[in-house]
Amino acid sequence: MKITRKNRNGERREALLKEYFLTASLIALLKRVGEEAAKATPRFAPALIPVRVRK
């Protein structure tokens, strides 16, 4: 199935519907991988070290 789009200049672009589904599914996959990677990353609070103050 083909989709025909016109831009402002009146040019036409035909694209397969498969392209749109493939692009959308890849974007969703990359988003999901990024979310899972963020969950897997350990988040440690920096250790507080006491410091002596000299006068």
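Helices here are DSSP runs of H or I with at least four residues, strands are runs of E with at least two, and both are numbered from the N terminus. The model is predicted.

**Exercise 1. Place Ala45 relative to helix 1, and state its exposure.**

Step 1. Find helix 1: residues 17–40. Step 2. Ala45 sits in the segment that follows helix 1. Step 3. Apply the cut-off: a residue is exposed at over 50% relative accessible area. Ala45 has 69% relative accessibility, so Ala45 counts as exposed. Step 4. Relate Ala45 to Arg13. The two are 32 residues apart along the chain, and their C-alpha atoms are separated by 52 Å.

**Exercise 2. Describe the fold pattern and decide whether the protein is a compact globule or more spread out.**

Step 1. Count the elements: one helix and two strands. Step 2. Order them along the sequence: β-β-α. Step 3. Compare the radius of gyration with the globule rule. The radius is 25 Å, and the rule gives 10 Å for 55 residues; the value is well over the rule, so the protein is more spread out than a compact globule. Step 4. Add the dimensions. The C-alpha trace spans about 75 × 30 × 5 Å along its principal axes.

**Exercise 3. Report how much of the protein is buried and what its exposed surface is made of.**

Step 1. Use the cut-off for buried: under 20% relative accessible area. Step 2. Of the 55 residues, 2% are buried. Step 3. Take the exposed area, about 6,200 Å². Carbon and sulfur atoms supply 60% of that area.

**Exercise 4. Trace the salt bridges and show how they connect.**

Step 1. Search the whole structure. Two salt bridges turn up. Step 2. Take the pair Arg32 and Glu36. Their side chains meet at 3.4 Å, N to O. Both residues lie in helix 1, four residues apart, about one turn of the helix. Step 3. Take the pair Lys39 and Glu36. Their closest N and O atoms are 3.7 Å apart. This pair also lies in helix 1, three residues apart, again about one turn. Step 4. Join the pairs. Arg32, Glu36 and Lys39 form a network of salt bridges. Step 5. Check exposure. Glu36 is partly exposed, at 33% relative accessibility. Lys39 is exposed, with a relative accessible area of 65%.

**Exercise 5. Identify the residues of the nonpolar surface patch, and classify Val33.**

Step 1. List the members: Leu22, Leu26, Leu29 and Val33. Step 2. Give the area, about 380 Å². Step 3. Locate Val33: this residue lies in helix 1. Step 4. Classify Val33. Its relative accessibility is 48%, so Val33 counts as partly exposed.

**Exercise 6. Compare the mean positions of positive and negative charges.**

Step 1. Count the charges: 14 positive and 5 negative. Step 2. Take the mean position of each set. The two means are 13 Å apart.

Technical notes
Residues are numbered from 1 along each chain as its sequence is written. This is a predicted model: local features need pLDDT of at least 70, side-chain atom pairs count only at pLDDT 80 or more; totals for chains, interfaces and linings use all residues. Side-chain values use heavy atoms; hydrogens and water are left out. The radius of gyration is taken over C-alpha atoms; the globule rule is 2.2 Å times the number of residues to the power 0.38. Buried means under 20% relative accessible area, exposed over 50%, partly exposed in between (1.4 Å probe, protein chains only). Accessible areas come from the Shrake-Rupley method with a 1.4 Å probe; for residues, only the protein chains shown count as cover. Lys and Arg count as positive and Asp and Glu as negative; His and the chain ends are not counted. The place of a charge is taken as NZ of Lys, CZ of Arg, CG of Asp or CD of Glu. A salt bridge is a side-chain nitrogen of Lys or Arg within 4 Å of a carboxyl oxygen of Asp or Glu. Patches are made of residues with over 30% relative accessible area and no salt bridge: like charges are joined within 9 Å, nonpolar side chains (Val, Leu, Ile, Met, Phe, Trp, Tyr) within 5 Å.
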